[in-house]
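This report describes the packing in a predicted model. It takes the nonpolar cores, then a sheet with its helices, then a contact between chains.

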Amino acid sequence: MALNRGSSPTSSIFKKQKHSPSSPPTAASYLSALSQADARARNAQRGTPTSTPALSLSSSLTTSTEDTVLTEEDGGNSDGLAIPVGKPPNSEQLYTTVHTEFGHCYNEEYRHISQHPQGAPVPRHVEQDPPYYILFSTYISYLILIVLGHLRDFLGKRFRAQSYKHLTPHDGYAPLNSDFDSFYTRRLKKRMDECFLQPVTGVAGRTISLLDRYTPDCNQTQIILDTRTRALNVSSYNYLGFAQARGGCADAVEESMKRYGVTSCGSRLEGGSTDLHTLAESVVAKFVGMEAAVISSMGFATNSTFIPALVSKGCLIISDELNHSSIRFGARSSGAHVRMFKHNDMEALESLLREAISQGQPKTHRPWKKILLIVEGMYSMEGTMVDLPSVLMLKEKYKFYLFVDEAHSIGAIGPHGRGVCDYFGVDPRKVDVLMGTFTKSFGASGGYLSGNKALIDRLRIRGYSGAYTEAIAPPVLTQIIASMASIMSIDDDGSVPGAIKLGLHPSSSSSTLHQVVDYPHPGPISQRALPHWLSLPLPLASGAEGLMRLRRLSFNSYYLHRGLDKLGFITYGHPSSPIVPLLLFNPAKMIMFHRMMKDRKTPIVIVVVAYPATPLVTSRVRFCVSASHTKEDIDSVLMACDEIGDVLDLKHGLSKGERWSIDEVCRRAVELVHIPDHEH
Amino acid sequence: MASASSPLDTVVLTIAHSLSAVERTFYKLPGSAIIERYVRSSHQNDPGRTFLELIIFFLVVRTLLQSRTRADSNNAKNFIEFTEKEIDELVEDWVPEPLSRPLDDVEAAELAAVPVVAGPNGPHPILVNTGKPAINLASLNFTGLANNEHIKQRALEAMRKYGVGSCGPTGFYGNFDVHIQCEKDIAEFLDTESAILYWQGFSTISSVIPAFCKRGDIIVVDRAVTLSIQKGMEISRSTIRWYDHNDLHSLEEVLQSVEKERRKRKGPLTRRFIITEGIFERDGTMTDLPKLIELKQKYKYRLILDESFSFGSVGRTGRGLTELYNVKASKVDMLVGSCAIGLCATGGFCAGSKNVVEHQRINAPAYVFSASMPPLLAVSASEGINVLRDTPSLLTRLQDNIRAARALLDQVECISIPSHRASPIIHIYLRNTAYTDNLLHPSSAASMASSKPSNPSSPVPRDVPVFDIEREERLLQEVVEEAMAQGVMITKAKRVRGLEITEARPSIRLAMSSALSKSDTEKAVHVLVKILKRKFR
């Protein structure tokens, strides 16, 4: 196959289109309009008195245009990413973000609320099947790849023994990886290495800077060049667009770095705890609506180190078949018995529960000590959402404990951004353990586990995160606090009586916080529950920007999902999920799709996933939309997909008569987004 | 008769005719000759043989058709049929245990006594617990990088360029230039071909091990390795052989016995690994690296060395055990270290040859499935290496402080210290008069070592050290709390009891730091010594 030649400047058959000379008048006029708007805003700001001293306005409101339209090293706007298209803002619309990090979008029509209509049934996810010739050619492709791979191995081992040395026994050492185990990696994945491990720089926000690279020897080595390409980023987990190097959150992080330094030195129980940890945990607990929370420094480790503290031998873990690797890792090291059920299939779950409870433990038939059901709020490869109301109904009947991994759903869905419980309008306390990460929506890293206070205290000393792993770093904690507070909005009059004493007991603060209100969210967080030095700019502190981010994310998710559907593609998942998988099937189409997207005038970077992360035939592109994308960004993704979809024969969804043209999709976007779920 | 036989004849004829037709078509099929030859040769005029073949054939078909997933509990023997009503009743009757037991008083008190620092952590933090400043002998800040202004400044600049989170795993646009640079810096610092970064110190080795060790491989491991290694081995499902803690003589015996076993079984050559730590997290003892390398080369094992506590703390510039013993780092196949402990950033690394590193980029679960480290922390790790390289005086100061502390502690009768003299972590055991000292003290236990070696397939050594966990934990906790009240922040080595393969002896773990002056160190240790002497006279 000619596909493994990599993207060296000469070898690509889809050469980068020559940049049409950018239109300086447009850019210049935009900049001047911006600076005028800026000046007006500054005047207006002086007129109005600032509301509270606690919420002092940070400099980001009055930054100059260079700060919000960042052109940096790219120079110019030839890729159309640096300067917003459409109307320049007027005096009421303040821009507080850098357009390349967080797109400017002022049209209030492009907003949508992510919420499950009360009482409506949860629509079941139907997987569309491609025509048979696609399936057939997919299998044939893999067959060819495998045969060719074995042929190359066979010949290579005989004629180029030196390069196969690490796969054969030598000097009395067994090979480090057997050629059979690594066959897939060497002979299939290697061909499309240009889709993976792309080195990048700068903020992974709305756009991302790629360090250009090429391979002289069929992906054996990758040589990184000095040039960069700015591309529209629909790959990073940046749901709420908090990946920003400027703005209120970044200012807060800077302040905290000055106060706390970079690191916390050691594990939580052995001298690595600071008051900031205690505080952040109470903020997280408040955000998710639980009594208490514990934070771990790595998302993967949150599952892999805390699940063993929840269950042990004699317990049963029931796990969705598509659960993330970290859950499997944790389940395996817990010593509990693990059973799986078909993805999101409630009947299969119920019959498994009935079987498990009635049969008891294997061989002995003793009753299980406890049963823990582990599901994900949103599945990272499919974009499907757990049917939480049905699970809770089963929970009442079968008395299992429920662990919901909200790695992808926290912040991303629900009218208040509080994940699946919020989306379905369910009290989060009906769930026993809510787990989530800060990577995806909050622009930070690490993960949390939340539940009732007794449970969390137990986990602090039982989970091996507390005693053996390093505590999370203070700048990351501040990013979490600032971003979560801005979504919750800050209540400065102190509705929670009594100042919260910090730290004397690891979760005392969170418990006092929640005695006041029984069902704590949605509701603002008190200024006193936040670090005293934290001062967010007004749009963030008032929650207006947080709300805007949630609404924009929901609009973008719905728009991309339904736009692709209407164009005739096969997509998976729930329309409100920011993960939008587009099915490609044939393995060769992955690399073609990737390259064609990247080589457009406005380069777009995408993630392709294939076996073993997905079943063999259903290779896919996985878009991750973000609140930082503007409607125009989604337009350009749709346009690109439309063009490439025709070339690569990807439109196997809706029949020709039902499809919309790309112009129609872009024009009727708002209408498309607001079609109720069950009518679509 | 004729009329009666004619329909029968017709039937016979038809059968004969169709049989020959089947035979003809059979011979027309490609490959039929082979089948015929096979059947003839296996039949050999013995219907019994054919019958056997048929049974085997049906068994194969049955096995292929059998569902694999439901086999474990649904297989005929153990499955009990219930009616729907019975199941409903059983469901009704089942009472699960609570998800967690609330903390008892002792546990709650201990959790409340965990030191919490108000503001930045460092040599003289202010404790939330007491509201007063304290001298810090608990936090891991060996070379004082946590308070380095230059690193902080560079991290700040990185934050203004990259934001905080990296928003994706390395495979999918989370591979920042600063991560690549940090990996390069580590590889250059240690002089290995290549290095790979992980995002949490603990998850590093517990992910490196299953990336290489698979079912059927052999791991020879020290009996007192830290939990992350234990977890990694558990996930790997390899065959594990144990050798006595920090006893290379015992290691050699185990290596020999494994070799003997293999010869006897005449099995194929499998991957073999020795896994141990540079400075042990459990007690601060140090491995004799040159001897270990010699053994590994002699018996052709690969060495996975966990340098979490020795990287950034021993050696002239903090390169770890390899620098201390003047051994080339490339001789260690997989050198695992911690950026969180040694460089005061976060995460860990594995340095080794290019093959070793590239293999992990696809096969190590914690690398593949987790979002990469925040770029600002990768920058501070890189800067940490620069600082270490440029200021060897940090390491000299650290060693001075360790010597000063040890000089004071050695005078105390009621304790014993298993840690190596150069180890920046000092574990303190209680010497217990209730039992004979021989059984308590590991080194004395080793000296009276019986002629018979321990069983290599069991993690429990032959001479099991005897100690009363509950009592010692309680006494040590009293010491810790008293010291905190007197302005010295120390901690017990925290463990999750019942989780580790063998229980570690309760200890107080002091962490030395070059950020403290010698006099401060002496002052703090003196406070501890006084408490110890008063309590356990």
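## Nonpolar cores

The largest nonpolar core has 293 residues, and within this core Phe593(A) and Phe623(A) touch the most other members. Helix 14 of chain A, residues 474-488, gives the core its largest share, 9 residues.

Leaving out residues up to four places away in sequence, Phe593(A) is in contact with Leu584(A), Ile606(A), Val621(A), Phe623(A), Cys641(A), Ile644(A), Leu648(A) and Leu650(A). Another core, of 23 residues, lies apart from the largest one; Val294(A), Ile317(A), Val433(A) and Leu449(A) are among its members.

## The sheet of chain B

In chain B, 7 strands make up an open sheet with mixed pairing, and their order is 5-11-10-9-8-6-7. Strand 5 (194-198) and strand 7 (239-243) of chain B are the edge strands, each paired on one side only. From one strand to the next, the twist averages 20°.

Strand 6 of chain B, residues 218-222, runs parallel to strand 7 of chain B, and 5 bridges join the two. Opposite Val221(B) stands Trp242(B), a residue of strand 7 of chain B.

## Helices of chain B

Two helices that pack on this sheet are helix 11 and helix 15 of chain B. Helix 11 (residues 248-265) touches strand 6, strand 7 and strand 8 (272-277) of chain B. The direction of helix 11 makes about 145° with that of strand 7 of chain B. Helix 15 (residues 354-363) touches strand 5, strand 10 (334-338) and strand 11 (348-352) of chain B. The direction of helix 15 makes about 30° with that of strand 5 of chain B.

Helix 9 of chain B, residues 201-212, is mostly covered, with 12 of its 12 residues buried. The buried residues of helix 9 include Phe202(B), Ile205(B), Val208(B), Ile209(B) and Phe212(B), and also Gly201(B), Ser203(B) and Thr204(B).

## Helix contact between chains A and B

A pair of packed helices is described by the angle and the distance between their axes. For helix 8 of chain A (residues 325-334) and helix 10 of chain B (residues 227-236), the axes come within 10 Å and cross at roughly 95°. Helix 8 of chain A is therefore roughly perpendicular to helix 10 of chain B, as angles of 65 to 115 degrees count as such.

Helix 8 of chain A contributes Phe329(A), Arg332(A) and Ser333(A), which meet Lys231(B), Glu234(B) and Ile235(B) of helix 10 of chain B. By type, the residues of this contact are 2 nonpolar, 1 polar and 3 charged.

Note on methods
Residues numbered from 1 in each chain as written. Chains lettered and ligands numbered in written order. Predicted model: local features only at pLDDT ≥ 70, side-chain atom pairs only at ≥ 80, totals over all residues. Heavy atoms only, no water. Pairing = 2+ DSSP bridges. Helix = DSSP H or I, 4+ residues; strand = E, 2+ residues; numbered from the N terminus. Axes fitted to C-alpha atoms, helices over the stretch in contact; angles between N-to-C directions. Contact = heavy atoms within 4.5 Å. Parallel < 35°, antiparallel > 145°, perpendicular 65-115°, else oblique. Nonpolar A, V, L, I, M, F, W, Y, C, P; charged D, E, K, R; others polar. Buried < 20%, exposed > 50% of the residue type's maximum accessible area, 1.4 Å probe, protein only. Core = buried A, V, L, I, M, F, W, Y, C linked by side-chain atoms within 4.5 Å.
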